[in-house]
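Subject: Structure for your review

Dear colleague,

Please find below the structure that I am handing over to you. I would be grateful if you kept it open while reading the notes that come after it.

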Amino acid sequence: MRKLLLCSPDFYGIEYEINPWMDRTRNVLPAMAQTQWLRLRETLQSLGCLVELVTPQAKLPDMVFTANAGLVVGKKFIRSNFRFPERRGEEKHFEKWFAGHGYEVVSLPGDLFFEGEGDALFCGEVLFCGYRFRSDIRSHHKLAELLNCLVLSVELVQDRYYHLDTCFCPLPGGGAIWYPAAFDEYAQRAIRHHVSDLVEVSPEEAAHFACNAVVLGEDIILSENSPKLGAALRERGFRPHELSMTEFIKAGGACKCLTLFI
Amino acid sequence: MFSEQIELRGHIIDSLILPKVLDEILTHGGRFTIREIKIGKQRHDASYACIDVFGPSPEVVDDIVRRLRQHGAEVVEQRDVQLVEAPVDGVFPPDFYVTTNQQTFVHLAGKWIETRPATMDCGIAVDPNQKTATTVKFSQVRKGMLITVGHHGIRVVPLQRSIERRGVFEFMASSVSSEKPKSAVIREIAGEIRMARNSGGKMLVVAGPAVVHTGAGEHFEKMIEAGYVNLLFAGNALAAHDIEQALYGTSLGVYLVRGALADEGHENHMRAINTIRGAGGIAQAVAKGILKQGIMYRCVQKNIDFVLAGSIRDDGPLPEVITDVVAAQKAMRSKVEGVTIALMMGTMLHSIAVGNLLPAEVKTICVDINPSVVTKLTDRGTFQAIGLVTDIEPFLRELTEFLAEEGGRSS
């Protein structure tokens, strides 16, 4: 059974601006956010996932985006070092939760920014890691040492796609969904070389966070308004589940950002 | 030239971080040398690269390093160069640093000092008080001289890799073939020679006696007359046969115009040498009106510097020939500064010897009927040389035609 960590959006809102999506004048509708989040949770559970919850904290509105808490491999939790001070307060709460649930908590050197599964995604045995806007490429080298695996560092070049999981989503069987324009040309070449089947997302669907999907075997949960991607996935035998994510897209996140595989 | 040393670690090959970093250096006006590279053996093994980054100003280097940092590059703290005293005259300390023909810097008291002149197969003598670094040959080493040892604190600047239009020196590289399109290449070479002259450069010609034997002397004279040649390095043979030709119309006893053997022609070069020896030298023979034509005559008339180095098989030799090889090498070394283009024709050993004295940025063209001459020249360190496998006469004829054409056009 797949286990995921989620955080209820009790304190979620746009309280600061640390990416181009955030606009404090365009605040979220709390009731709508709750509804969308609950729908995601139910969908995950209906697809057989075990959902664990970390307690939300006041003044940490982005704690809802648990994908950025760290990276879990086996019983090892590599905790994030957030780039922005606004999110650093989350670190201790996630650390406490994982330590309390039997995980070995690993911290990277404090000067190496690393934002967890937001910037580190396994595609087969290769760990793809994004860098530039949030994670520091030097953290990738530490991850490779810790996990003893091939880490491919890919540079992100569009600030709207500041985390790897906003423009890249591995699929079972060695394929991936991606939005190429979010990467520099070297990263595009490296991805093309290492990923056998790439499903390209259009700029419009990328802007609807189509790439920010949760992959559960053949079931893929993604935000609505991604008809072309949905069709491409169905062609490959996947079952897309589209959810409304409007309130979370206001902060630059969607389905994947709200979940962390543990 | 300013520089920083950076290190890269991780899966820099698979991620294409290494090529990206190298491209960034070039794109932003820098150059690089990969000092060390270790490629991981297994898929999950990390790789390592240590790279010297060079730029024309500290600002350019800082800008490049700032850009590279975001790709994970870390700046390496520099250590000073290691110095050891020379044990006796003429002997370097063990493990002395052997120079290449590329621009080289040593790190001394926190600063990079350029080693002058850029000459291959030398040691580097450092004067910490004067803050100078000088390339020295064995013969120049004096007991107690501080000589660089090991590789720390030494940087070699690579030749600029052009990312724009590729000239003859890029597309020819150093590969040798008799199948190359000669006319097009000779036209490009003429362009380079003309550019060197027009931009205040200095052209050195290294010529063997084949220039005279093949009847190319008259073309060479035209080049001298047109002001393209600034310096001539040759041996006794070129001068002797040129003078034989000037005085008797033969080269090694063969009439160049008719191709026929002259009666008792084998004596001609001996008589020519004797005449010049009798006059006291080539310049004196010109002054006395004895020598009135030929390559050497033109050189004297146009006041073109020449060095004639002796060899074991020389007849005579002519009075100007320097028979002590160390002295001849020293004389040549003292004159190569400022040379920007070198044309080497029909002489293997002389070409290699002169190649050893030239910095790598000197554009070097080697013309010989024997392909192995160019190969040997490049194999012995003059990697920047381009080669043309052809007889000297047609080469020089065509070259002078192109030079005349282009000279008359715009320059």
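The notes below describe two helix pairs in chain B and the contact between the chains. Please bear in mind that this is a predicted model.

The first pair

I begin with helix α1 of chain B, which spans residues 17–27, and helix α2 of chain B, which spans residues 58–69. The two pack at an angle of about 155 degrees, and their axes are 10 Å apart. Angles over 145 degrees count as roughly antiparallel, and α1(B) and α2(B) are therefore roughly antiparallel to each other. The crossing in which α1(B) passes α2(B) is right-handed. On the α1(B) side, the residues that meet the partner helix are V21(B), E24(B) and I25(B). Their counterparts in α2(B) are I64(B), R67(B) and L68(B). Sorted by class, this contact holds 4 nonpolar and 2 charged residues, with no polar residues.

The contact between the chains

Helix α1(B) also takes part in the contact with chain A. Chain B contributes 15 residues to that contact, and chain A contributes 16 residues. On the side of chain B, the elements that give two or more residues are β1 (2–10) and α1. Of the elements there, α1(B) gives the most, with 3 residues. The side of chain B that touches chain A comprises 4 nonpolar, 7 polar and 4 charged residues.

The second pair

Further along chain B, helix α12 (residues 348–355) packs with helix α13 (residues 371–379). Here the angle is about 20 degrees, and the axes are 9 Å apart. Since angles under 35 degrees count as roughly parallel, α12(B) is roughly parallel to α13(B). This crossing is right-handed. From α12(B), the residues M348(B), S351(B), I352(B) and G355(B) meet V373(B), K376(B) and L377(B) of α13(B). The residues of this contact divide into 4 nonpolar, 2 polar and 1 charged.

Which residues of α12(B) are buried? They are H350(B), S351(B), I352(B), V354(B) and G355(B). Among these, S351(B), I352(B) and G355(B) also meet α13(B). The cover over the buried residues of α12(B) includes the strands β12 (203–207), β13 (231–235), β17 (341–345) and β18 (363–368) of chain B. It also includes the helices α11 (325–335) and α13 of chain B.

Yours sincerely,

A colleague

Notes: Residues numbered from 1 in each chain as written. Chains lettered and ligands numbered in written order. Predicted model: local features only at pLDDT ≥ 70, side-chain atom pairs only at ≥ 80, totals over all residues. Axes fitted to C-alpha atoms, helices over the stretch in contact; angles between N-to-C directions. Helix = DSSP H or I, 4+ residues; strand = E, 2+ residues; numbered from the N terminus. Parallel < 35°, antiparallel > 145°, perpendicular 65-115°, else oblique. Left-handed = near helix turned anticlockwise from the far one by under 90°. Contact = placed C-beta atoms within 7 Å. Nonpolar A, V, L, I, M, F, W, Y, C, P; charged D, E, K, R; others polar. Buried ≥ 20, exposed ≤ 12 C-beta atoms within 10 Å, placed from the backbone.
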